[in-house]
Amino acid sequence: MDNFIIRGGKPLSGQTVISGSKNAALPILLATLLTREKCEIKNVPELMDIKSTFELLNYLGKNCFYGYGNFVVEEHTALKLHAPYDLVRKMRASVLAAGPLLARYHKARFSLPGGCSIGVRPIDIHLESFKKLGAVVTYEKGDVLLSAKKLKAGRVKFRFPSVGATENLMMCAALIEGETVLENCAKEPEIEDLADALNKMGAEVTGAGTAVIKIKGRAKLKGLKHTVMPDRIETGTFMLLAAAAGGRVRLLNTAPKTLTALIKAMEKAGVKINCYKDSMEVIAPHGRPKPVSVVTRPHPGFPTDLQAPWMVLMARASGESEVHETIFENRFMHAPELMRMGADITVTGQKAVVRGVPQLLGAPVMCSDIRAGAAMVVAAAAAKGKTVIRRIYHIDRGYEHLEHKLKDLGVDASRVKA
Ligand code: UD1
């Protein structure tokens, strides 16, 4: 197992290139199950979750080639229709294979994902919605079985704008002839990227990025060539890293327009952000950031995936602020670790009160999940002295070549064998 060692407390300077979005790449890669034609997807980050998707697609019978950000998917045999426990356990997004397989074969079987460290994370919204299109849902030995004599285009209203359920239903509807209307959809930018990919495959998807998405499905879909959008969560993490550690950095190949809520909150905290079409410059405030409270909400609200690194910035603020997490029920596991670095935080239920301190101090810490792990890196870069971060396999699920990018920005970081 690897650890990160970071010696922080020095202002940053430099520039780095943002990778393709993990959360956009995952559904687009699984959408290749909708067609037997060749698909070529570019700007796919080299990450553990993408390797798990590669394994899942190969297991199901696709022939995948993956390297240097290019992912090619071909099909030469009949597909298996079962996503087993070992693959779903590694990566919850494996449930996004269900929509394409159900649509194409009228049958799919996948292991029911368990809870994880940030919450219970049920998939009831996915399953209820498949039922509305004609699927029957049964359970056997920890697996969910979906089947349908005939799937019908229809109207589905989600009880909550779940990102995964919106994506799963979009993919399923793309292969059902007729018009499906999805209501109360997630509006995350990754949904728009998936819609773009499905349109290239021959479906007609409109309204992605709004609450109502209409999908005119086709009996057959074509292969696609697509370039994945930049990762807004990686971008946001580096923005907060620069703001918390101090200095001035430039982030290239990104999409500032996908980060409006974070930019607004950071500007209120006194951070200067210059946005260009596909890059941005972040200039940390002189002195400590101002305290700003945030509430996580579905897009375009403040993203839950940036809540943990945001808390690091507020841990250094010149006063008291609140962080209210409304998306996941247990997403404050980073708070006790930050307190080991000298932060002053009180967590009560879904709310954290953060009283800023002048300086965080290096300490041995560990990661509990992917975004909590990113927060440890941000804290370590801002803290005075040496921080050893353990369990960084969580971080490796979502941040490509992190130690190299940290070095690009002037952070003294190295990966060592534990
Ligand atoms: C996606 C992102 C993840 C991000 C999250 C919220 C990917 C691969 N992951 O996860 O990084 O943190 O969106 O922005 O894109 N829920 C239910 N029933 C369901 C589905 C969801 O109750 O059937 C609940 C979840 O438990 C959670 C909330 O809805 O509390 C949000 O989940 P959802 O939007 O589905 O997130 P994911 O797609 O899993």
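Two strands count as paired here if DSSP finds at least two bridges between them. Strands (E, at least two residues) and helices (H or I, at least four) are DSSP runs, numbered from the N terminus. With that in hand, here's one sheet to look for: E18-E19-E21-E20, an open sheet of four strands with mixed pairing.

What you're looking at is a predicted model, where local features need pLDDT of at least 70 and side-chain atom pairs count only at pLDDT 80 or more, while totals for chains, interfaces and linings use all residues. Residues are numbered from 1 along each chain as its sequence is written, and side-chain values use heavy atoms, with hydrogens and water left out.

**The two domains**

- The chain splits into domain 1 (2-19 + 230-417) and domain 2 (22-227); these bounds come from an automatic or database domain assignment.
- Measure from C-alpha centre to C-alpha centre and domain 1 and domain 2 are 30 Å apart.

**Where the domains meet**

- On the domain 1 side, 24 residues are in contact with 19 residues of domain 2, contact being heavy atoms within 4.5 Å.
- About 1800 Å² is buried between domain 1 and domain 2, with 52% of it on carbon and sulfur atoms. Buried area is the accessible area (1.4 Å probe) that two parts lose on being put together, summed over both.
- Two salt bridges cross the interface of domain 1 and domain 2. The rule asks for a side-chain nitrogen of Lys or Arg within 4 Å of a carboxyl oxygen of Asp or Glu.
- The side of domain 1 that touches domain 2 has seven nonpolar, seven polar and 10 charged residues. In this scheme Ala, Val, Leu, Ile, Met, Phe, Trp, Tyr, Cys and Pro are nonpolar, Asp, Glu, Lys and Arg are charged, and the others, Gly among them, are polar.

**Salt bridges**

- Search the whole structure and you get 27 salt bridges.
- Arginine 397 makes one with aspartate 49, the closest N and O atoms being 2.8 Å apart.
- Aspartate 2 makes another with arginine 415, with the closest N and O atoms 3.1 Å apart. This pair ties together distant parts of the chain, 413 residues apart: aspartate 2 sits in strand E1 (residues 2-8) and arginine 415 in strand E24 (residues 412-417).

**Inside the four-stranded sheet**

- Strands E18 (294-295) and E20 (344-348) are the edges, each pairing on one side only.
- E20 runs antiparallel to E21 (residues 351-355), with five bridges. Isoleucine 345 has valine 354 as its bridge partner, and valine 347 stands opposite alanine 352.
- The hairpin of E20 and E21 has two residues between the strands, and glycine 349 there takes a positive phi near 60°.
- E19 (residues 320-324) also pairs with E21 in the antiparallel sense, over five bridges; histidine 324 is matched with lysine 351.

**Strands around E23**

- E1 and E23 (residues 385-390) run antiparallel, joined by five bridges, and phenylalanine 4 stands opposite isoleucine 389.
- E22 (residues 364-366) runs parallel to E23, with three bridges; here proline 364 faces valine 388.

**Backbone oddities**

- Most residues other than glycine have a negative phi, and most peptide bonds are trans.
- Histidine 106 has a positive phi of about 60° although it is not a glycine. Look for histidine 106 in the loop between helix H4 (98-105) and strand E7 (107-111).
- The peptide bond from histidine 299 to proline 300 is cis, with omega near 10°. Proline 300 lies in the loop between E18 and helix H10 (307-315).
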